[in-house]
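Trainee: I am new to this structure and would like a close look at a single part of it. Please take one helix together with the aromatic rings beside it, and then go on to a few single residues.

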Amino acid sequence: MPVNPNLYFDWAATAIPDQDILEAALKKSLDAWANPSSLHAGGKEARAALEKAREKCGELLGVQAKQIYFTSGGTESDHIPLLAILNRPEKGNVAISAIEHPALREMANELKKCGIECRLIPSDKNGFVTPEAVLDSVDEKTLFVSVMAVNNETGAIQPVKEIAAALVQKYQKKRRPRFHVDCVQALGKIPIDFLAAEGVDSAAFSAHKICGPRGIGILYLKNEEEIFLRGGGQEKGIRSGTENLFGALAFADCLERHAFLPGKTTPRLEEQKKWTEDFIKGLLSIKGASIIPAFRGLPESQNKFSPWVVQASFKNIPGQVMLRALDAKGICVSTGSACSSKKASRPILEAMGVPAEERESSVRFSFGPKTTQAGMQALLDAVKEVCSAFN
C-alpha cells in the first residue's frame with residue numbers, strides 16, 4: 001500500500017524525494033553522460049556540470065567550492081576525516097560524543113583494533129554535549145573530536161561554535177585535534193552558521209535527508225588533508241571513485257530549495273516551530289505520555305531543539321507496539337535511527353540516563369517540508385486512540 005505523504009512522520013530516516021528535481025537532474029546527467037575525469041569533449045561537458053553543482057553547494061553552505069567534496073552519503077563523509085588519523089605516525093585517541101550516529105560511534109570503536117583509544121564524551125540528561133564535557137575528554141594525544149550538530153533522536157541542537165572555540169583556546173599553543181561535525185540532521189532543518197568558524201575542520205551532509213536522492217553526500221573540508229582511503233584520485237584524491245553527476249546536480253538543487261541560510265529564518269521554519277510546540281502540548285495531555293527529554297516541555301528549552309524531531313515515551317506501551325499500531329492506521333513513525341532499527345538497544349537514550357522502561361516505550365516523530373498541520377493533528381489523534389486502548 002503506498003505511503004500517504006500527509007501521514008509520513010519518519011523524515012529523519014529519509015525525506016520524500018522532490019520528483020521534479022530528481023527528474024531534471026537525471027535528464028541533465030543523461031545529456032552529460034561521459035566520465036567527468038575524461039579529457040575529451042564529453043568528459044569536459046560532464047566536468048563543467050559537476051563543478052557548477054559544486055559551486056552552487058559551496059555558495060549555499062557559505063563556504064568555498066574547493067572545500068566541497070562529493071561522497072556516497074553521510075556515512076562516508078563521516079568516515080573519511082575519521083580514518084585520516086590512520087596516516088598519523090603517532091597513536092593516540094579519538095573523542096566521540098556519546099550521542100553520535102552509529103556511522104561515527106561504531107567506526108570509532110573499530111579503530112581500537114588499530115591501537116587507537118575511543119573515548120565517549122558524555123551527554124547531560126537533556127541530550128546536550130557541553131564544551132566542558134568535551135575538554136574533560138581530550139588531552140595532548142587526542143587526534144579527532146566529533147560532536148553532531150543536531151541529534152537524530154531527540155533533536156537537541158549542540159553548541160558547535162562554543163565547542164570549536166573551547167578547543168581552539170585549549171590547544172592554542174599545541175597541535176589541535178581535528179573537529180568534525182555530523183550535519184546530516186541539521187541540513188534543511190536549522191540555519192547552519194558554523195562551518196566558517198575557527199576550529200571546525202570538517203562536516204558531513206546527506207542529500208536524501210533534504211528530499212534528494214540516496215547515495216550522494218557532501219564532505220566539507222576546511223583544508224585539504226592526507227586521507228587514508230586511496231583510489232583513482234577523483235575529488236582531488238579525497239574521495240576516489242567515478243563521480244555521481246546525477247546525485248551532485250540533484251543535491252545542489254535540493255540545497256537551493258530546502259537549506260536555511262545562515263543567520264536567517266523562513267516562514268516555514270517558524271510555522272514548524274509553532275506546530276511542534278502544539279504537538280508536544282498535545283502529547284503531554286495524554287495520560288502516561290512524556291517527552292524525552294522532559295526539559296523540552298519547559299519554556300527555557302525554546303530554540304534548543306530542532307522542531308523537526310520529537311522523541312516521546314508512552315507508559316506501558318512498547319515503542320514497537322506503538323509503531324505497529326500507528327502503521328495499521330497508515331501512519332509512519334520510528335523507534336529511533338533507521339540504521340539501528342533492528343537493534344534492541346538505544347545508545348543515545350542510554351547516554352542521557354533515560355530509564356530502561358522509558359527507553360523501550362519511546363517513539364520518534366520526525367517532520368519535513370511536506371508535513372502539514374492537519375497531518376500532525378491526525379497523528380496526535382491516532383496516538384491518543386492507541387493510548388486509550390492500553391489505559
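Mentor: What follows goes through helix 12, an aromatic pair and some single residues.

This is a predicted model, in which local features need pLDDT of at least 70 and side-chain atom pairs count only at pLDDT 80 or more, while totals for chains, interfaces and linings use all residues. Residues are numbered from 1 along each chain as its sequence is written, and side-chain values use heavy atoms, with hydrogens and water left out.

Helices (H or I, at least four residues) and strands (E, at least two) are DSSP runs, numbered from the N terminus. Helix 12 has 18 residues, and at 1.5 Å a residue it should span 26 Å; its end C-alpha atoms are 26 Å apart, which agrees. The expected span here is 1.5 Å times one less than the number of residues.

Buried means under 20% relative accessible area, exposed over 50%, and partly exposed in between (1.4 Å probe, protein chains only). In helix 12 the buried residues are Gly 375, Met 376, Leu 379, Leu 380, Ala 382, Val 383, Val 386 and Cys 387. Viewed down the helix axis, these buried residues fall within an arc of 165 degrees (taken from the directions from the axis to the C-beta atoms), so they line one face of helix 12. Ala 374 and Ala 389, on the other side of helix 12, are exposed. The buried residues pack against helix 8, strand 9 (309-314), helix 9 (319-327) and strand 10, where contact means heavy atoms within 4.5 Å.

Now the rings. Rings of Phe, Tyr and Trp (its six-membered ring) pair if their centres lie within 6.5 Å; planes under 30 degrees apart count as stacked, over 60 as edge-to-face and the rest as tilted. By this rule there are eight aromatic pairs. In one of them, the ring centres of Phe 279 and Phe 367 are 5.7 Å apart and the planes are at 85 degrees, so this pair is edge-to-face. Phe 279 lies in helix 8 (residues 267-284) and Phe 367 in the loop between strand 10 (362-366) and helix 12 (373-390), so the pair ties together parts that are 88 residues apart in sequence. Both Phe 279 and Phe 367 are buried. They belong to one aromatic cluster with Phe 9, Phe 314 and Phe 365.

Next, Asn 93, which is in strand 2 (residues 93-97). Its relative accessibility is 2%, so Asn 93 counts as buried. The side chain of Asn 93 makes polar contacts with the side chains of Asp 139 (3.1 Å) and Thr 142 (2.7 Å). A polar contact is a pair of N or O atoms within 3.5 Å; within protein, one must be able to donate a hydrogen and the other to accept it, and residues adjacent in sequence count only if both atoms are side-chain atoms. Leaving out residues up to four places away in sequence, Asn 93 also touches others, including Ile 116, Arg 119 and Phe 144.

Some backbone details remain, in loops. The peptide bond from Ile 292 to Pro 293 is cis, with omega near -5 degrees, and Pro 293 lies in the loop between strand 8 (289-292) and strand 9. Asn 316, in the loop between strand 9 and helix 9, has a positive phi of about 70 degrees although it is not a glycine.
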